[in-house]
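Open the model in your viewer and keep the selection tool ready. This tour moves from stop to stop, saying what to select and what is there.

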Amino acid sequence: MPYENLTTFVGKPVEDVQSGTGTWDVARAVPRLRIEYDSQDSVPALLGHYAALPGTEATDALVIGYWQGDDSQGSSQAIVEALVSYAERFPNLRALFLGDIVSEENEISWINQSDLSALWPAFPHLEHLQVRGSNDLSLGRFEAPRLTTLILESGGLPRRVVQEALAAGAPELRHLELWLGTDEYGGDTTPEDFADLFAGRLFPKLETLALRDCAYADDLAAALAGAPVLERITTLDLSLGNLTDAGAEALLASPAVARLSRLDLHHHFLTDATMARLERLGPAVDLSERQEEEEYGGTIYRSIAVSE
């Protein structure tokens with residue numbers, strides 16, 4: 001779980017909007033809308049306040065932070081509805097982060113999302129969508145002709161949501177990042193769910209494929225090693241998972257992996273010898289944050305990074 005709120009987003013500093021904010025310089029900072037635990041305010045109300053400020057029709061990026069307050073079951077539904085209702089006020093919106101929420105505010109598995117499908121027609125110029133939390137999350141069946149970046153952060157991403165993401169009409173997508181997580185938090189995917197993606201039948205302009213925080217990282221690496229998609233991406237990110245030497249052997253044996261520009265494997269369970277071989281493979285490789293496996297009752301446990 002991320003421990004610090006954003007300080008920058010899409011290249012600009014992030015600052016909080018307060019109920020008393022009277023002006024906003026869109027060119028200077030990205031607005032973040034969030035409340036405190038005991039606040040009498042709400043994020044939809046803050047959004048309405050912000051939308052009424054002079055000049056905010058030029059807003060090109062929005063960050064939505066903590067919204068639940070003292071309602072532990074509060075979801076993003078009212079925020080999505082508010083965003084859609086103010087869509088005409090934000091005709092230039094290109095980047096949205098829904099869920100800049102850190103562990104001190106709410107654990108990632110407790111973040112309640114909602115159906116986001118109404119966002120796509122409301123904001124047809126959207127290029128970057130980032131979502132944290134997967135409880136009740138739905139992307140719907142959507143067309144996003146300008147979307148270049150899709151990031152779904154989760155402690156357990158359901159197969160249904162992955163299927164929605166992979167079915168997207170997003171011909172310009174260049175960065176796909178899915179935090180797959182563990183079945184304890186709803187992550188029920190398998191390598192077979194990515195067959196069309198790995199075969200190179202999706203997202204013709206994809207450059208970065210990030211399948212992070214995966215509890216079956218070795219099987220994922222084996223499925224990817226000979227996949228046609230590796231022939232056209234430049235960055236493969238299998239970080240935050242539980243990769244061992246078994247999965248690394250598949251990557252080391254792949255000529256396509258050797259031709260990548262970047263390979264991110266940080267947070268792993270690799271031996272020194274395997275790490276040394278990966279460093280000689282060819283791509284710039286991140287092998288930081290080596291983990292130590294743990295044994296309980298004769299069973300070996302290798303924890304992924306975001307699983308609480």
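Is Arg 94 buried, partly exposed or exposed? Select Arg 94: with a relative accessible area of 28%, this residue is partly exposed. Keep in mind throughout that the model is predicted.

**Stop 1: the partner of Arg 94**

Now add Glu 127 to the selection. Its side chain meets that of Arg 94 in a salt bridge, 3.7 Å from N to O. Glu 127 lies in the loop between helix 3 and strand 6 (128-132), while Arg 94 lies in the loop between helix 2 (77-85) and strand 5, so the pair ties together parts that are 33 residues apart in sequence. Glu 127 is partly exposed too, at 31% relative accessibility. In general, side chains of opposite charge can pair when their charged atoms come close.

**Stop 2: more salt bridges**

How many salt bridges does a search of the whole structure find? The count is 23.

Select Arg 34 and Glu 105. They form a salt bridge, and their closest N and O atoms are 3.5 Å apart. This pair links distant parts of the chain, 71 residues apart. Arg 34 sits in the loop between strand 3 (30-33) and helix 1 (43-51). Glu 105 sits in the loop between strand 5 (95-100) and helix 3 (119-122). Both ends are partly exposed: Arg 34 has a relative accessible area of 21%, and Glu 105 stands at 24%.

Widen the selection to Asp 16, Arg 32, Arg 34, Asp 100, Glu 105, Arg 132 and Glu 153. Salt bridges link these residues in a network.

Next, pick Arg 174 and Glu 172. Their side chains meet in a salt bridge of 3.2 Å, N to O. Arg 174 is partly exposed at 28% relative accessibility, and Glu 172 is partly exposed at 23%.

**Stop 3: the sheet**

Switch to a cartoon view and colour the strands. You should find 12 strands in an open sheet, ordered 1-2-3-4-5-6-7-8-9-10-11-12, with mixed pairing. Which strands stand at the edges? They are strand 1 (8-9) and strand 12 (284-286). Each has a single partner strand, so one side of each is left without a neighbour in the sheet.

**Stop 4: strand 3 and its neighbours**

Zoom in on strand 3 and show its side chains. Val 30 and Arg 32 point one way, Pro 31 and Leu 33 point the other way, and all are buried.

Look to strand 2 (residues 12-16). It runs parallel to strand 3, and three bridges join the two. Select Val 14 to see one position: its bridge partner in strand 3 is Val 30.

Then turn to strand 4 (residues 61-65). Strand 3 and strand 4 pair in the parallel sense over two bridges. Here Leu 33 has Ile 64 as its bridge partner in strand 4. Follow the chain from strand 3 through helix 1 to strand 4: this β-α-β crossover is right-handed.

**Stop 5: strands 9 and 10**

Move along to strand 9 (residues 208-214) and strand 10 (residues 235-237). They run parallel and are joined by three bridges. Select Thr 208, and then its bridge partner in strand 10, Thr 235.

**Stop 6: the cavity**

The structure holds one cavity of 30 Å³ or more. The volume of the largest cavity is about 30 Å³. Which residues line the largest cavity? Select Lys 12, Trp 24, Val 26, Ala 29, Val 30, Pro 31, Tyr 50, Thr 59, Asp 60 and Ala 61. This lining divides into seven nonpolar residues, one polar and two charged. Val 30 and Pro 31 were also among the side chains of strand 3.

**Stop 7: the largest pocket**

Select Tyr 301, Arg 302, Ser 303, Ile 304 and Ser 307. The largest pocket holds about 240 Å³ of space. Of the 12 residues in its lining, those five are the closest to its centre. The lining divides into five nonpolar, four polar and three charged residues.

**Last stop: Ala 248**

Finish at helix 7 (residues 245-252), where Ala 248 is found. Is Ala 248 buried or exposed? At 0% relative accessibility, Ala 248 counts as buried. Add Phe 269, which is 21 residues from Ala 248 along the chain. The C-alpha atoms of Ala 248 and Phe 269 are separated by 9.9 Å.

Definitions and conventions: Residues numbered from 1 in each chain as written. Predicted model: local features only at pLDDT ≥ 70, side-chain atom pairs only at ≥ 80, totals over all residues. Heavy atoms only, no water. Salt bridge = Lys/Arg side-chain N within 4 Å of Asp/Glu carboxyl O. Helix = DSSP H or I, 4+ residues; strand = E, 2+ residues; numbered from the N terminus. Buried < 20%, exposed > 50% of the residue type's maximum accessible area, 1.4 Å probe, protein only. Pairing = 2+ DSSP bridges. Right-handed = clockwise from strand over helix to strand, strands pointing away. 1 Å grid on protein atoms, 1.4 Å probe; cavity = no way out; pocket = protein on both sides within 12 Å on 5 of 7 lines; lining within 4 Å. Points joined across faces, edges and corners; volume = space filled by probe spheres on them. Nonpolar A, V, L, I, M, F, W, Y, C, P; charged D, E, K, R; others polar.
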